[in-house]
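Please look first at the sequence and the 3D view, and then read the report below with both of them at hand.

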Protein chains: 2
Amino acid sequence: MKQGELSERKKQILKAVVEAHIDGGEPVGSKYIVQSNLLFCSSATIRNEMAELEELGYLVQPHTSAGRVPSEAGYRFYVDSLVEQYARTTHEVAQINQLLRVKMDEIDQILDMASRLASTMTNYTGIAIKPKANTVTMTRFEIIPMDINNFAIVMITSGGAVKTKKVRTEIAVSDSVLKKLADLLNAQLCGLGADMITLPIIMGIEEEMGEYAFLVNSAVKCVYEVMNEIDGGDMRLTGINNFLKYPEYSDTEKLSELLRTLESRDEILDLVSGSDNDKINVLIGSESSVKVMNNSSLVYIPIKKDGRTLGVIGVIGPRRMNYKQVLKALGDISDNISIIIGDEELSITDGKEKESK
Amino acid sequence: MKQGELSERKKQILKAVVEAHIDGGEPVGSKYIVQSNLLFCSSATIRNEMAELEELGYLVQPHTSAGRVPSEAGYRFYVDSLVEQYARTTHEVAQINQLLRVKMDEIDQILDMASRLASTMTNYTGIAIKPKANTVTMTRFEIIPMDINNFAIVMITSGGAVKTKKVRTEIAVSDSVLKKLADLLNAQLCGLGADMITLPIIMGIEEEMGEYAFLVNSAVKCVYEVMNEIDGGDMRLTGINNFLKYPEYSDTEKLSELLRTLESRDEILDLVSGSDNDKINVLIGSESSVKVMNNSSLVYIPIKKDGRTLGVIGVIGPRRMNYKQVLKALGDISDNISIIIGDEELSITDGKEKESK
DNA sequence: GTTAGCACTTGATATCAGAGAGTGCTAAAA
DNA sequence: TTTTAGCACTCTCTGATATCAAGTGCTAAC
């Protein structure tokens with residue numbers, strides 16, 4: 001019997017078991033199902049069906065005389081086929097929108113806020129990830145003299161971000177020299193990724209700068225730093241105390257192991273950077289390549305703009321996570337972020353701000 | 001009998017109890033003391049002394065037939081008088097220096113790195129705080145036209161940071177208009193704190209701008225945003241799994257409560273922003289105004305430059321924290337940060353970077 | 001002032017019986 | 001053929017009891 005061929009009643013029983021276990025956390029028995037649900041049959045029948053579902057691998061018995069618990073496959077089937085879609089209330093959407101708008105300033109802050117939001121909405125631990133990338137190039141350089149010994153390099157990146165670095169020289173440098181440096185940077189480095197800025201190019205610029213060649217090194221260093229700032233991965237967790245709300249993490253050993261993995265960050269960064277699926281991803285237990293997550297699930301969604309992944313938000317919780325609620329929350333948040341990112345810059349029309357819907 | 005008048009032997013016993021409890025975590029009995037230590041007397045004598053120390057409030061008995069545990073006052077006395085200073089190995093200093101240098105880029109990153117470092121060095125949870133402040137003013141504005149509908153405002157702050165914001169206009173604005181706007185901002189807003197930028201000033205600028213008055217609103221908004229970015233408090237924890245290494249946090253309830261408080265951030269921010277002591281601060285148990293910390297200690301040190309507090313780093317752990325180690329680690333890290341912050345900008349002399357020692 | 005010895009207290013640990021929950025199986029009913 | 005009722009069986013959980021070990025306080029001797 002294949003997955004798709006589960007009888008309607010089996011599906012209903014599986015769904016009931018999963019949902020009962022999600023909010024109780026304990027094995028569910030046949031009697032409980034027959035009471036709570038709309039299934040009209042006796043506990044014995046349920047028992048028979050459950051035995052078959054166990055044979056098929058969707059349910060598991062912790063010990064002989066306990067109720068059933070969904071297996072990983074059980075959760076997977078539930079998430080893929082049984083969890084219903086829900087309608088979003090406009091009220092909620094508006095609320096999220098408002099919260100996110102508070103600081104629509106930088107993508108980092110949006111991600112942070114979003115993860116915080118996800119955590120409070122779902123009661124699981126929120127995660128915000130800025131994945132490693134290698135996509136930034138510069139589109140424009142400006143140099144602003146500050147005083148006789150200092151100037152600032154302003155860099156506009158392919159992503160539209162504006163970044164600045166301050167440089168101090170011990171030798172006074174005239175404005176015209178700085179102008180020349182800016183022109184050269186614009187001519188030689190625009191459009192190049194970190195891996196494309198080669199030594200010959202740098203040396204070429206140094207040659208053109210003549211006696212001021214020493215400035216080039218610092219300038220290039222600034223470029224690298226900015227690229228690294230934008231491309232370098234980062235990760236942040238919110239609502240860690242939420243782990244403690246679920247008995248599966250009361251085993252201190254387990255929790256500690258999980259936290260250690262999460263804090264080392266690399267594994268999660270890799271895990272998430274790999275998938276460039278646009279949709280919500282659900283990793284149940286050992287489906288994730290990270291071994292420690294055997295008893296946890298990770299649900300995440302990439303935040304994209306113009307095809308580029310700007311970041312990832314998600315939640316981490318026990319395997320018996322309330323997938324229905326989590327999927328909804330992440331969907332809502334993601335939608336709102338898209339709206340906000342869409343018109344990230346201040347948009348002015350004659351003194352009044354305009355918001356895109 | 002006052003604190004200072006504890007007999008030498010009592011001091012030694014207190015010290016022994018504190019240190020034994022710090023690395024064992026369990027109540028220490030008279031027998032243990034007599035074995036481990038250099039005190040040459042019998043367990044009965046120790047018992048008598050301990051009974052007196054308990055009367056004086058430095059020790060506490062969890063129950064009648066258990067060993068003694070240091071009280072809050074006991075720890076306080078230990079930290080103030082008994083913990084010896086230590087010599088720093090040059091090796092360690094160099095190591096920290098190297099680690100911190102990796103990204104001497106922004107104060108945020110330094111703090112973050114420092115807290116991570118503190119956590120790994122001490123095996124407690126590291127904390128990095130950027131306190132709320134209201135000290136930023138602008139010292140210089142530049143406007144860079146990007147294309148017909150976009151320009152960037154570059155702001156140089158009193159702290160020397162360079163910040164940029166992008167602005168989009170739906171109406172094309174010429175370079176000369178932007179130049180005028182920049183001049184006005186420089187003339188009117190430089191040196192003013194957030195609370196000093198009043199409506200009359202803004203309206204004055206708008207008047208001068210004539211038909212382009214609508215630009216002023218966005219510009220001012222940018223200024224506020226930047227000030228908020230720099231002044232707004234933030235807090236970040238590292239090494240949370242370290243909590244779980246100590247049995248005092250195996251009570252899930254307690255840990256959860258602590259984490260909740262830490263994540264709400266406000267209490268800690270206030271707590272730390274209040275003290276502008278330059279030295280290392282040690283808050284033991286209920287000495288902190290945060291109720292939940294009754295069983296925890298917080299040790300922190302402000303990071304200053306030119307008298308301004310840029311941030312705070314510290315560690316949080318059980319009350320029986322290894323104060324000796326923690327004080328040393330934080331001292332070392334703080335020193336290194338000071339060195340690094342001292343020459344924050346890139347300093348160039350004829351092509352070679354110079355580093356201040 | 002110090003020490004040895006002993007009775008006492010108390011938490012921790014192990015063992016055991018009984019209760020409760022839930023199953024699997026068999027035989028009867030639909 | 002499917003469903004149901006009944007019953008014996010298994011396994012965990014709980015609470016009670018007994019035992020153990022650690023550490024103290026106190027008294028009497030040094």
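The report goes from the overall make-up of one chain to an interface inside that chain, and then to a single residue of another chain.

**Chain A as a whole**

The structure is a predicted model, and every value in this report should be read with that in mind. Chain A contains 12 helices and 12 strands, and of its 357 residues 48% count as buried. When contacts in chain A with a separation of 6 or more are considered, 62% of them are accounted for by residues 24 or more positions apart.

The domain assignment divides chain A as shown in the table, where domain 2 is written as two stretches of sequence.

| Domain of chain A | Residues |
|---|---|
| Domain 1 | residues 8-82 |
| Domain 2 | residues 90-133 + 233-343 |
| Domain 3 | residues 138-231 |

**Where domain 1 meets domain 2**

Between the C-alpha centres of domain 1 and domain 2 of chain A there is a distance of 28 Å, and contact between these two domains involves 12 residues of domain 1 and 13 residues of domain 2. The size of an interface is often given as the accessible area lost when the parts come together. For domain 1 and domain 2 of chain A the buried area is about 1,100 Å², and carbon and sulfur atoms give 56% of this area.

Charged and polar groups also take part in this interface of chain A, since the rule finds 3 salt bridges across the boundary of domain 1 and domain 2. A salt bridge joins the side chains of Lys324(A) and Glu19(A), with 3.9 Å from N to O. Across the interface of domain 1 and domain 2 of chain A there are also 5 residue pairs in polar contact, both residues of each pair being at pLDDT 80 or more. On the side of domain 1 of chain A that touches domain 2, helix 1 (8-24) and helix 4 (72-82) each supply at least two residues. Sorted by class, that side of domain 1 of chain A has 5 nonpolar, 3 polar and 4 charged residues.

**A glycine in chain B**

In chain B, Gly285(B) is placed in the loop between strand 8 (281-284) and strand 9 (296-305). Is Gly285(B) buried or exposed? Gly285(B) counts as buried because its relative accessible area is 0%, and the cut-off for buried is under 20%. Leaving aside residues up to four places away in sequence, Gly285(B) touches Glu72(B), Met293(B), Asn294(B), Ser296(B), Ser297(B) and Arg319(B). Thr252(B) is 33 residues away from Gly285(B) along the chain, and the C-alpha atoms of these two residues are separated by 18 Å.

Definitions and conventions:
Residues are numbered from 1 along each chain as its sequence is written. Chains are lettered from A and ligands numbered from 1 in the order in which they are written. This is a predicted model: local features need pLDDT of at least 70, side-chain atom pairs count only at pLDDT 80 or more; totals for chains, interfaces and linings use all residues. Side-chain values use heavy atoms; hydrogens and water are left out. Domain bounds come from an automatic or database domain assignment. Contact means heavy atoms within 4.5 Å. Buried area is the accessible area (1.4 Å probe) that two parts lose on being put together, summed over both. A salt bridge is a side-chain nitrogen of Lys or Arg within 4 Å of a carboxyl oxygen of Asp or Glu. A polar contact is a pair of N or O atoms within 3.5 Å; within protein, one must be able to donate a hydrogen and the other to accept it, and residues adjacent in sequence count only if both atoms are side-chain atoms. Helices (H or I, at least four residues) and strands (E, at least two) are DSSP runs, numbered from the N terminus. Ala, Val, Leu, Ile, Met, Phe, Trp, Tyr, Cys and Pro count as nonpolar, Asp, Glu, Lys and Arg as charged, and the others, Gly among them, as polar. Buried means under 20% relative accessible area, exposed over 50%, partly exposed in between (1.4 Å probe, protein chains only).
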